[in-house]
Amino acid sequence: MTNAPSPLASPALSRPHAWALALTATLTMAVSYVDRQALAALAPTVSKVFDLSDTQYGWLVSAFSVAYLAGAPFAGWLVDHLGARRGLLGAVVAWSFVAAAHALAPSFTGLLVLRIALGLTESPSFPGAAQTIQRVLPPADRARGFGFLFTGSSLGAIVAPQLAPFLEKTWGLRIAFLGTAIVGLAWVPLWLLLAWRSPAREVLDATPTASGKRPSARLVLTHPTVLRATLAILASAPAIGFLLNWGSKYLVASHHIAQANVGPYLVIPLVLFDAGSILFGHFASVRAQSRVDGAPDRVLFAIATLFALVTAATPFGRTPVESMVLGGLGLAGGGGIFALLTADMLSRVSPSVASAASGVAAAAQSIAYIVAAPIVGKLIDTSGSYTLPFLVVGAWILPGCVAWLAWSPPGVEGSDRTEDAQRRSE
């Protein structure tokens with residue numbers, strides 16, 4: 001096996017090129033969320049056309065998450081072996097075709113199968129994007145980079161409720177699914193332009209250890225840092241997923257907004273999610289400059305958790321704007337939690353398993369969605385209101401995030417620490 005240059009050294013990758021790659025990886029997340037959130041944006045029409053109950057809709061949400069859960073750990077392992085350059089390209093092309101096939105779904109069963117297929121094909125998105133940022137950005141910039149990464153999901157979730165209902169209103173439900181799928185293919189030329197030329201190709205394809213050997217899957221799954229991050233994800237993901245997947249239905253049912261008009265309201269919490277993710281990531285990078293012990297930033301994480309708890313107040317907004325602002329403050333905290341825990345986790349595992357660890361984190365998010373979505377649907381069907389589900393997912397945030405704060409993590413692993421020391425000495 002040839003000795004490829006270490007991706008952590010990035011000897012010839014300029015800062016503009018590195019950030020261009022990081023932001024293009026962020027767009028990968030945006031593309032994936034346009035395709036997966038098209039169903040949520042069209043939920044009232046889909047429910048009517050296919051005669052779905054809220055419980056059945058909850059199963060459609062869970063079907064994607066089940067497949068994503070099954071695929072994410074394997075996808076992370078695959079991306080660690082293939083590299084994000086090839087892995088992301090193959091994944092985007094595959095899931096774009098699956099998303100387009102939603103236009104041909106004949107029934108609830110057909111939709112269920114396609115949601116499973118979409119979850120499997122989208123599972124490399126986060127591991128590949130996280131590996132890209134971990135490899136191309138220096139340690140001092142990574143928290144900031146992960147802050148931007150999580151804006152990709154909300155960017156896609158902003159585009160989907162604007163684009164999908166417009167297409168559905170103009171040309172019908174089938175064209176709405178087809179049109180949103182085409183968005184994904186527009187990402188491909190940009191990735192080919194940036195990732196296929198030197199030195200990006202060498203950095204993204206490099207073997208990150210001298211021996212080329214990687215820790216086993218079992219060691220990744222049981223790594224204390226990965227388990228610690230999983231706790232916080234399981235705590236915060238249900239609240240984030242609830243507003244993302246049920247926001248359109250909530251506005252229609254509780255505030256009597258026409259489906260075609262929900263898009264502008266849903267932009268509010270998603271923009272606040274972006275702001276939280278970017279700001280918490282930025283301040284983590286700034287504060288890291290004066291932290292030499294590698295300790296987690298518990299102060300920032302505690303502040304993000306307090307913001308996330310505001311999610312429970314969403315149904316008490318008197319107007320749709322008030323409700324979305326309250327939900328958005330909760331999402332701002334959720335974005336901060338995701339950015340902080342991801343940057344901290346990937347600083348404490350071997351760079352050779354960055355995608356595998358990210359895949360486990362993505363799987364944990366899917367577990368949260370799988371468990372929460374049918375329960376939320378049942379609570380709505382039973383109570384006839386969205387108040388109780390918001391209170392439940394809001395209260396659920398606290399225990400896992402407190403556990404993250406209390407858990408003393410292992411130290412930063414060698415390669416990151418070495419590079420950080422080298423950069424400080426320069």
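**Group meeting: a surface patch, a buried glutamate and a cavity**

Hi everyone, let's start on the outside: Leu27, Leu155, Val159, Leu190 and Leu193 make a nonpolar surface patch of about 370 Å². Patch residues have over 30% relative accessible area and no salt bridge (a Lys or Arg side-chain nitrogen within 4 Å of an Asp or Glu carboxyl oxygen); nonpolar side chains are joined within 5 Å, like charges within 9 Å. Areas are Shrake-Rupley values with a 1.4 Å probe.

A word on the source: this is a predicted model, where local features need pLDDT of at least 70 and side-chain atom pairs 80 or more, while totals for chains, interfaces and linings use all residues. Residues are numbered from 1 along each chain, and side-chain values use heavy atoms, without hydrogens or water.

Helices α8 (151-171) and α10 (188-195) each supply at least two patch residues; helices here are DSSP runs of H or I, at least four residues. Leu155, in α8, is partly exposed at 36% relative accessible area (buried is under 20%, exposed over 50%, partly exposed in between).

Now, Glu122 in helix α5 (108-122): buried or exposed? Buried, because its relative accessibility is 0%. Its contacts (heavy atoms within 4.5 Å) include Asp35, Arg36 and Trp95.

Finally, the largest cavity has a volume of about 450 Å³. Among its 32 lining residues, Tyr33, Arg36, Leu244, Gln365 and Tyr369 are closest to the centre. A cavity is a set of 1 Å grid points where a 1.4 Å probe fits but cannot get out, and lining residues have an atom within 4 Å of a point; the volume is the space filled by probe spheres on those points. Helix α1 (15-41) gives the most to this lining, with 6 residues.

Note on methods. Buried < 20%, exposed > 50% of the residue type's maximum accessible area, 1.4 Å probe, protein only. 1 Å grid on protein atoms, 1.4 Å probe; cavity = no way out; pocket = protein on both sides within 12 Å on 5 of 7 lines; lining within 4 Å. Lists of a residue's contacts leave out its neighbours within four places in sequence.
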